[in-house]
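Ready for a few exercises at the bench-side screen? Have the sequence and the 3D view open, and try each task before reading its solution.

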Number of protein chains: 2
Amino acid sequence: MRIVSLAGGIGGARFLRGLRAAAPESEITVIGNTGDDITLFGLRVCPDLDTVMYTLGGGIDEAQGWGRAGDTRTVKDELAAYGVEPQWFGLGDKDIATHIVRTQMLNAGYPLSAVTEALCERWRPGVRLLPMTDDRAETHVVIEDDGGRRAIHFQEWWVRLRASVPAHRIALVGADDAKPAPGVLEAIEAADVVVLPPSNPVVSIGTILQIPGIRSALEAKAVVGVSPIIGGAPVRGMADACLAAVGVETSAQGVLELYGSRLLDGWLVAEQDAGAALDGVRVRAVPLLMSDLAATTAIARAALELVR
Amino acid sequence: MRIVSLAGGIGGARFLRGLRAAAPESEITVIGNTGDDITLFGLRVCPDLDTVMYTLGGGIDEAQGWGRAGDTRTVKDELAAYGVEPQWFGLGDKDIATHIVRTQMLNAGYPLSAVTEALCERWRPGVRLLPMTDDRAETHVVIEDDGGRRAIHFQEWWVRLRASVPAHRIALVGADDAKPAPGVLEAIEAADVVVLPPSNPVVSIGTILQIPGIRSALEAKAVVGVSPIIGGAPVRGMADACLAAVGVETSAQGVLELYGSRLLDGWLVAEQDAGAALDGVRVRAVPLLMSDLAATTAIARAALELVR
């Protein structure tokens, strides 16, 4: 079986571990969100791609959900001692090596997809990991503060402000001119089933869907989504702040309608959200907490069954 | 008093500590060698400038003589885990932060002199530290191995090969088009005395002298040199390998003749080298081992006295 999965960061990466276990004989292609990518101190950081790569490759900081296990902050502390900004972004020493290798390859002319493939030669995540695009398309958030309305990088809103300031608008700057990375449309075309993990529906999955050509390619396929909302609250993270920005209720039903029936064929929700319904979408309710690998595998298996 | 000192790495930096102590009321400008600079993993590394900055700023690894005190090698180990080359250059985590800040500023368009000044705002070395040039002028070494004669970067010869392969030629590539960094000629012009520390006479001092305009500016000044050779052997380092490459005997007399009487007015040698002599150069013999700060200060004081 050929499976395509879109993925954001922590939630997506954890779901993918279950998906890999649920379909060990399958060929899984993961299309990763790169809207969160940011250049810090001249280093190109791809948080979601790295979270997927580290999680599936066994290098993730399990407790934190992102970054490298057993990492230190020597370089970050030294950068702070030089007084350079920003200081609010967490960069571990081991993690920085990844960004150094990536930046050097990008500066040498390799596209991000080739760089990601090279990094994965070390991590062997057991899936084919593709960035959604090799082009620069960055998520910016319009906020209002003392200085009036202004757009800031997603990471500044998410990490520095912890999404505590309301977002008036969330935009993927550069989306119109971005093309899917090599292999993305081909993988979708060849897929037997497409799975949307319980990643953030606005700034993770929603971002990937904005790259021209990806949504329409997915609409022709059997697509099953796993709700990132359980009983009115995000499974983890701050998806509610993002949903509010796009005027969508934080509920399994709200996200179901956001994705819509042209995209979705199946929608897996938690038992307390069993009432969610949309014409043309098969809904099934199961225990949806990814408490361990067995539970996550069961969720992934239920998702696959829903559209096969 | 206004003092200008040229400087290479470890030996030069240690001498400068003594010079600063010997002339605490003086304004000292240090013109640092940048011929050893190298770009590693996309990061611009300036070993000699950093050694001077860390040594005078209290951040040096005293035992090693270069790099930061108490540094770790997490990033370097991770880069090796990715299989990227070269792996023979020592890069500590704390040290890497310096290179990240430098590289980011250089890429933003600041010249190396401005970057060095910015880095020194943290380290407060107590001297004005100027790179010899803002232009790219890199020391390359012509060696002969299985592949025939070829030129390699100085650091590859010095660090990877430990200067164990004979150098047929040492050349500062780009020297002809390099200009002294802003402030260099002005500092020499205004100097009451110029001191050449016991740095490598070929690849440290010799390199600085190759930047057009610097040697002639120095020739008009009272210049005193401290011999880097004691009794036929370098005080430290592998200066003998460099001297052999330019056909100069490894002796206080050899280096005296290499610098010559147009440049030198005074030449400070070790007691066993008291016989060194050259017309027009005042020679004095003193204990020349920089065993501690007091000994180094005495050497610096003797050097200053020789030409005042």
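The exercises below work through a predicted model, beginning with the interface and ending with some backbone details.

**Exercise 1. Find how many residues of chain A and chain B are in contact, and what area the chains bury between them.**

Solution. Start with the contacts: 25 residues of chain A touch 25 residues of chain B. Next, turn to area, since the size of an interface is often given as the accessible area lost when the parts come together. Here chain A and chain B bury about 2100 Å² between them. Finally, ask which atoms supply it: 68% of that area is on carbon and sulfur atoms.

**Exercise 2. Count the salt bridges and polar contacts across the interface, then work out which elements of chain A take part.**

Solution. First, the salt bridges: the rule finds four across the interface of chain A and chain B. For one to look up in your viewer, go to B:Arg122 and A:Glu78, whose side chains form a salt bridge at 2.8 Å, N to O. Second, the polar contacts: eight residue pairs are counted between chain A and chain B, with both residues at pLDDT 80 or more. Third, the elements: helix 2 (47–57), helix 3 (74–81), helix 4 (93–107) and helix 5 (112–123) of chain A each give two or more residues to the side that touches chain B. Helix 4 of chain A gives the most, with eight residues. Last, the chemistry of that side of chain A: 15 residues are nonpolar, five are polar and five are charged.

**Exercise 3. Locate the cis peptide bond that ends at Pro86 in chain A, and the one that ends at Pro86 in chain B.**

Solution. Keep the usual case in mind: most residues other than glycine have a negative phi, and most peptide bonds are trans. In chain A, the bond from A:Glu85 to A:Pro86 is cis, with omega near 0°. A:Pro86 sits in the loop between helix 3 and helix 4 of chain A. Now go to chain B, where the bond from B:Glu85 to B:Pro86 is cis, with omega near 0°. B:Pro86 is in the loop between helix 3 (74–81) and helix 4 (93–107) of chain B.

**Exercise 4. Two residues other than glycine, A:Phe41 and B:Arg162, have a positive phi. Is each one buried or exposed?**

Solution. Take A:Phe41 first: its phi is near 55°, and it lies in the loop between strand 3 (38–40) and strand 4 (43–45) of chain A. Its relative accessible area is 8%; buried means under 20%, so A:Phe41 is buried. Then B:Arg162: phi is near 50°, and the residue belongs to the loop between helix 6 (154–160) and strand 8 (169–173) of chain B. Its relative accessible area is 56%; exposed means over 50%, so B:Arg162 is exposed.

Methods: Residues numbered from 1 in each chain as written. Chains lettered and ligands numbered in written order. Predicted model: local features only at pLDDT ≥ 70, side-chain atom pairs only at ≥ 80, totals over all residues. Heavy atoms only, no water. Contact = heavy atoms within 4.5 Å. Buried area = accessible area lost by both parts, 1.4 Å probe. Polar contact = N/O pair within 3.5 Å; in protein donor to acceptor, adjacent residues only side chain to side chain. Helix = DSSP H or I, 4+ residues; strand = E, 2+ residues; numbered from the N terminus. Nonpolar A, V, L, I, M, F, W, Y, C, P; charged D, E, K, R; others polar. Buried < 20%, exposed > 50% of the residue type's maximum accessible area, 1.4 Å probe, protein only.
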